[in-house]
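Open the model in your viewer and keep the sequence panel visible. The stops below say what to select and what is there.

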Amino acid sequence: MKRFIITFSLFVATLFIAMGQVDNAFSTVTVVNGKVLFEQFIPVNNNLTADQKYNLLQDWAKKTFTGNPLLAGIRYDEKARTITVSNRAQFQEPEKMEMSYRFDLSVNNAGCMLVIRDISYQVAQQNASSFFPKVHTAEQTITDQSVNSGGEQVEWRKAVRSETLKTFNSLLSGVASIF
């Protein structure tokens, strides 16, 4: 009986840990071939076919992004069952800026794959020296190397990294809630 209680307790604890990880799956910044890349596989109910999963994903994308002034573009590929979205997000902290990013969602029988890439940040120039905003890449801004490099912008980079991870975890939660 003790063995059963211990086994059951470990099972429940493992279940809570696994469920907690979905909410904050992105806690570090991954660099692949010199580019920042976020990837997460979302297991999906096996009672649905891949086409049904893709239809749910397509409906979610239309509801979420139609009419969004920050949307740059959206592409549906029904044959490959993928959706590519180019979007922007506005940050107020550490300063007013806009983050641009692209993400791909692909569906198969096992689940859904989210890949976020091509991340950059646009900050309005503080002085009138240029009309164009200053653009920072994710590789220059949120990687471990850039955050740990020191200098006067360390706190700014940490704040941008935190807002980025928060935005992408929110996106992941939205996608996971579809299924």
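Start by selecting strand E5, residues 82-91, where 7 of the 10 residues are buried. Buried means under 20% relative accessible area, exposed over 50%, and partly exposed in between (1.4 Å probe, protein chains only). Strands (E, at least two residues) and helices (H or I, at least four) are DSSP runs, numbered from the N terminus. The model is predicted: local features need pLDDT of at least 70 and side-chain atom pairs count only at pLDDT 80 or more, while totals for chains, interfaces and linings use all residues. Residues are numbered from 1 along each chain as its sequence is written, and side-chain values use heavy atoms, with hydrogens and water left out.

**The partners of E5**

Add strand E4, residues 73-77, which pairs with E5 in the antiparallel sense over 5 bridges. Two strands pair if DSSP finds at least two bridges between them. Asp 77 has Thr 82 of E5 as its bridge partner. Next select Arg 81: the hairpin of E4 and E5 has 4 residues between the strands, and Arg 81 there takes a positive phi near 55°.

Now add strand E6, residues 97-107, which runs antiparallel to E5 and is joined to E5 by 10 bridges. Ser 86 stands opposite Arg 102 of E6. The hairpin from E5 to E6 passes through 5 residues.

**Aromatic rings**

Which residues form one aromatic cluster? Select Phe 26, Phe 38, Trp 60, Phe 65, Tyr 101, Phe 103 and Phe 168. The structure holds 7 aromatic pairs. Rings of Phe, Tyr and Trp (its six-membered ring) pair if their centres lie within 6.5 Å; planes under 30 degrees apart count as stacked, over 60 as edge-to-face and the rest as tilted.

Zoom in on Trp 60 and Phe 65, an edge-to-face pair with 5.7 Å from centre to centre and 90° between the planes. Both Trp 60 and Phe 65 are buried. Then move to Tyr 101 and Phe 103: their ring centres are 6.2 Å apart and their planes are at 20°, so this pair is stacked. Tyr 101 is buried at a relative accessible area of 7%, and Phe 103 is buried at 0%.

**The nonpolar core**

A nonpolar core is a set of buried Ala, Val, Leu, Ile, Met, Phe, Trp, Tyr and Cys residues joined through side-chain atoms within 4.5 Å. In the largest one, which has 37 residues, Phe 38, Ile 116 and Ile 119 touch the most other members. Helix H5 gives the most to this core, with 7 residues.

Select Ile 119 and show what is around it. Not counting residues up to four places away in sequence, Ile 119 touches eight residues' worth of side and main chain, among them Val 36, Met 99, Thr 137 and Phe 168. Contact means heavy atoms within 4.5 Å.

**Helix H5**

Select Thr 164, which lies in helix H5, residues 154-176. Is Thr 164 buried or exposed? Thr 164 is buried, with a relative accessible area of 0%. Its side chain reaches the backbone oxygen of Val 160 at 2.8 Å. Leaving aside neighbours within four places in sequence, Thr 164 is in contact with Phe 91, Met 99, Tyr 121 and Ile 142.

**Last stop**

Finish at Asn 24, in the loop between helix H1 (2-23) and strand E1 (31-32). Asn 24 is exposed, at 52% relative accessibility.

Technical notes: Polar contact = N/O pair within 3.5 Å; in protein donor to acceptor, adjacent residues only side chain to side chain.
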